[in-house]
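Open the model in your viewer with the sequence panel alongside. The stops below say what to select and what is there.

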Amino acid sequence: MKFHRATSFIATAVALALSTNVINAQEKDKESKWQVSSPQGQFQQIDINVTEGTWLNIDVSPNGQEIVFDLLGDIYKMSIDGGEVTTLAKGIAWHMQPKFSPNGKYIAFTSDQGGGDNIWIMDNDGTNQRAVTDETFRLLNSPAWSPDGDYIVARKHFTSGRSLGAGEVWMYHKTGGSGVELTKRPNDQKDLGEPAFSPDGKYIYFSQDATPGKTFHYSKDSVKGIYKIKRLDRATGEIKVIINGMGGAIRPTPSPDGKKLAYIARDDFQSSLYIYDLESGEHNKVYGKLDRDMQETWAIHGVYPTIDWTPDNKHLVFWAGGKINKLDVNSKKSQVIPFRVTTTKKVQKALRFKQAIEKASFDVKMLRNVQVSPNGKKVVYEALGKIWLKTLPDGKIKRLTKSKNQFELFPQWSRDSKKIVYATWNDQDQGSIRVVSARSGKGKTLTTAPGKYVEPTFSPNGKTVVYRKARGGRILSDKWSLNPGLYQVSSKGGEPKLVSESGYMPQFGADNDRVYFMAYGKDQLFNSIKLDGTKKIEHYTSKLATEFKISPDGKFVAFSERFKVYVTPFTPTIKPLTIAPSAKNLPVKELSKRAGENISWTHDGQSLYWSLGPELYSHDVSNMFELTKDATEEQTVLPTEDGLNISFTQKSDVPRGTIAFVGGQVITMEGKKVIANGIVLVQNNIIKAVGTADEVTIPDDAKIIDITGKTIMPGLVDVHAHGSQGSDEIIPQQNWENYAELAFGVTTIHDPSNDTTEIFTASELQKAGKIVGPRIFSTGTILYGAEGAGYTSHVDSLEDAKFHLERLKKVGAFSVKSYNQPRRNQRQQMIEAGRQLEMMVVPEGGSLLQHNLTMIADGHTGIEHSIPTAAIYDDIKQFWSQTDVGYTPTLVVAYGGIWGENYWYDKTDVWVNPKLNNFVPGEYSSLARCVALKRLIITTTTLVMPKLPKSCAISGLKQILVRTVNVKD
């Protein structure tokens, strides 16, 4: 049965195919004109009137008479003596890092007005702005002119598997071009930037994160030294370290005569301005009150704002303490250059949508492992911890089994559609593999030993079941976790046999003795192996595919990449093929505009199914790769807006009755008001009254709980929670992380980065009363701006942004996390998509101050993580306070300093906390004890710690300790 041919949404789609093509073309044309300076949205105007600013980049004109600086994304010019400012670049687009050309006629600067950060040039008076570079992914900043005024060097930003990235120095002609690479990044996570020409043009100075290893580390030791200043010889290509050592070295700024190099280093934790004599090698500290630099952070726009010399080599002009300062390098005396900026900023209203959490019932949206029967008549899936069956297209929904004390997951049909194999989970007994009748739900258990069993599948003849045995740990017991891998067992039961020590998502094609599976390598792999563990073959490699599913006849393979479903012919080859939607080696066809996962085939290979949340989609693929007129003209991408809803509604687990808490101290939510002898009245799921005995009347049917001597307070809301809700898609019946949250008073969590299927499954289980935990809300998996299978969320238009928000809304999200999308226009499109779909958007703060400020301007719901500056001044205070954009600093993870987590290890006996010991497994509370025993005594130079007892030699402890600052035993 091919219900998709009968349903109205497909019929409508076919009827509108031609008009849809026209509409799509119009939409693409519209989207191509998205302008950062005039985005769609709802706006408000805010007023700015300041005499101080935060993180101002400053440059002195060649004649020494003027300076330019940036403030809140606008660029200003004024006399070097201070006073009235002239606006050069202003607007919604963010302009920064101005640099005068050697002849003073032009100013280079960084601007996102073209979509993302690129290098621009304008005339000295701010007119005639034009782009020098036009990168859309490898974005640029930090321009610096060559002495002859013909070239500009800049920092180019590179990312790969992690969004933080690394920099290279590139050079561009002032009239444009694709640029010339001058330095090569040693890896993708250690930064490099702040380029500057020597006055004779022979060298280019830059700063570089020179800490050991290839990966970025938090809480780095700035005393020991993080950054080094290096110098590139343009003639030979040789790179030499010029300044390094304790306190690091950043922001290299050569003097006009080429004899000295101004730079910044740390004295203990204080950033100071130094001058290095390039002839004698002498270092001279000239100013010791700079703001804290950003050596510990991902400072892609510079580790400290730009500074500059006056043309006579006598003075340095720089930002510190919110002011523009002019320093006499000989006397070391400084004076403030006064300024006042009075302006307005046009910002978007923050995305905020009220959520109803007190509903008596809810629609179950998170359907997992959705599989259509090979005969196309029924669909099976897991929801709320149980397996459900539905006859297509509109039959009733019923449980597969009557089991009560275990979760059921990973259902899979036999080829004759008569049996279903699935996995079970119970926290005490662990898991098993079961085969049951699809009609009666009765059957038998195949496995004899407990374990974490997932992804079972039938061989074509139904005689063999292959499944994966996973490891435990963290939220699942690590017992029965030895020897993970793919195993085979007779469908009648028996002794399991190892097929492969690695691999996941096993499946069969046409053969009974060869199993296909996915595997991890440099890229995603689709392999196969004989059931006896021999003759392994690699068939496909893919950078971003997250699911492969071979057809029952072995002629085709469907795959999911970037959340869409594709199909391609399958053929064995000597070497593995690289497959992607854009592959040219074999034809690849996209099947749906909607997102999809949980791919399944009908037995004849004629129809393909996939799901998104509660909806089921399908496509007839019978003639897709045939040389027929119909095949060549058929529109393969279904323009459907919605699939077939195959889910159901579930009652919320709402407590019944009335409870009065009396006699105790009550902390209210009215400022600092505390009621000494108060009453809190709760009816069903709602707090009905809070007040004194005189103010609150207790109903006769209320249950009274005396809390004399105790304090009752509102439940805490953890708006940036992270914690496992599942492991290999197994949701524990009792998750100790959820119990610990409740024990410490957290009644609601919002997790802005978690596995979509696991956390929304846990959320629905909690709402239905199947598991205990705080209310669980989440963005699901992040909308990642870098490259990663299952994470990368490509956004080139508003339509793309809506695609990603819609797919997450389908599974239960009311918010999404825009995680370091590199371009401003991408982030703006996410915001507009959120506004249209009534979804909130929080960004990854990412330790990038300038991008944080654009996120505020664009109306994000809130900023996640701390902004990286140690202090902010009136400009940001006035700017941010006039918006409704929230702030979640997550001080446990600090940017620009030591993690707040370490404060608790130093100042408290974490391991003796009774709640910790009651609700956190022993191995984790023991680890906390061992960390605390180190007594991290924080001084200005080091962390001094006593020796650990041998009992604390726990795996991973060293990494936890060393990520702070310099450690001495």
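**Stop 1: strands β11 to β13**

Strand β12 pairs with strand β13 (residues 176-181) in the antiparallel sense, over three bridges. The model is predicted, so keep that in mind at each stop. Select Met171 and look across to β13, where its bridge partner is Val180. The two strands form a hairpin, with two residues between them.

Now add β11, residues 151-158, to the selection. β11 and β12 run antiparallel and are joined by eight bridges. To find the register, pick His157, which stands opposite Gly167 in β12.

Is β12 mostly covered or mostly open? Select residues 166-173 and turn on the surface: the strand is mostly covered, and seven of its eight residues are buried.

**Stop 2: the salt bridge between Arg251 and Glu194**

Next, show the side chains of Arg251 and Glu194. They meet in a salt bridge, at 3.5 Å from N to O. Arg251 is in strand β18 (residues 250-254) and Glu194 is in strand β14 (residues 192-197), so this pair ties together parts that are 57 residues apart in sequence. Arg251 counts as buried because its relative accessibility is 5%. Glu194 also counts as buried, at 2% relative accessibility.

For context, a search of the whole structure finds 34 salt bridges. Side chains of opposite charge can pair when their charged atoms come close.

**Stop 3: the lysine patch**

Select Lys419, Lys444, Lys463 and Lys492 and show them on the surface. Together they form a positive surface patch. Start with Lys419, which is found in strand β33, residues 419-425. With a relative accessible area of 43%, Lys419 is partly exposed.

**Stop 4: strand β54 and its partners**

Select residues 658-667, which are strand β54, and residues 674-683, which are strand β55. The two run antiparallel, joined by eight bridges. Within this pairing, Val662 has Ile679 of β55 as its bridge partner. Six residues lie between the strands of this hairpin, and Gly671 takes a positive phi near 60 degrees there.

Which strand pairs with β54 in the parallel sense over four bridges? It is β57, residues 703-706. Pick Phe661 and look for Ile705 of β57, which stands opposite.

A further partner of β54 is strand β58, residues 711-712, which runs parallel to β54 and is joined to it by two bridges. Here Val666 stands opposite Ile712 in β58.

**Stop 5: a nonpolar patch and Thr747**

Show Ile667, Val674, Met713 and Leu716 on the surface. These residues form a nonpolar patch, with about 320 Å² of accessible area together. Leu716 is placed in strand β59, residues 716-718. This leucine is partly exposed, at a relative accessible area of 38%.

Then select Gly715 and Thr747. How far apart in space are their C-alpha atoms? The distance is 5.2 Å, although the two residues are 32 residues apart in sequence. Thr747 lies in strand β60, residues 746-751. Its relative accessible area is 33%, which makes Thr747 partly exposed.

**Stop 6: helix α8 and its salt bridges**

Show the side chains of Asp858 and Arg824. A salt bridge joins them, and their closest N and O atoms are 2.6 Å apart. Asp858 lies in the loop between α9 (849-857) and β65 (862-864), while Arg824 lies in helix α8 (residues 824-837), so the pair ties together parts that are 34 residues apart in sequence. Asp858 and Arg824 are both buried.

Stay on helix α8 and select Glu832 and Arg835. Their side chains meet in a salt bridge, at 3.9 Å from N to O. Both residues lie in α8, three residues apart, which is about one turn of the helix. Glu832 and Arg835 are both buried.

For the last selection, take Arg594, Glu615, Asp642, Glu806 and Lys810. Salt bridges that share partners join these residues into one network.

Methods: Residues numbered from 1 in each chain as written. Predicted model: local features only at pLDDT ≥ 70, side-chain atom pairs only at ≥ 80, totals over all residues. Heavy atoms only, no water. Patch = residues over 30% accessible without salt bridge, like charges linked within 9 Å, V, L, I, M, F, W, Y side chains within 5 Å. Areas by Shrake-Rupley, 256 points an atom, 1.4 Å probe, with all protein chains shown as cover. Salt bridge = Lys/Arg side-chain N within 4 Å of Asp/Glu carboxyl O. Lys, Arg positive; Asp, Glu negative; His and termini not counted. Charge placed at Lys NZ, Arg CZ, Asp CG, Glu CD. Buried < 20%, exposed > 50% of the residue type's maximum accessible area, 1.4 Å probe, protein only. Pairing = 2+ DSSP bridges.
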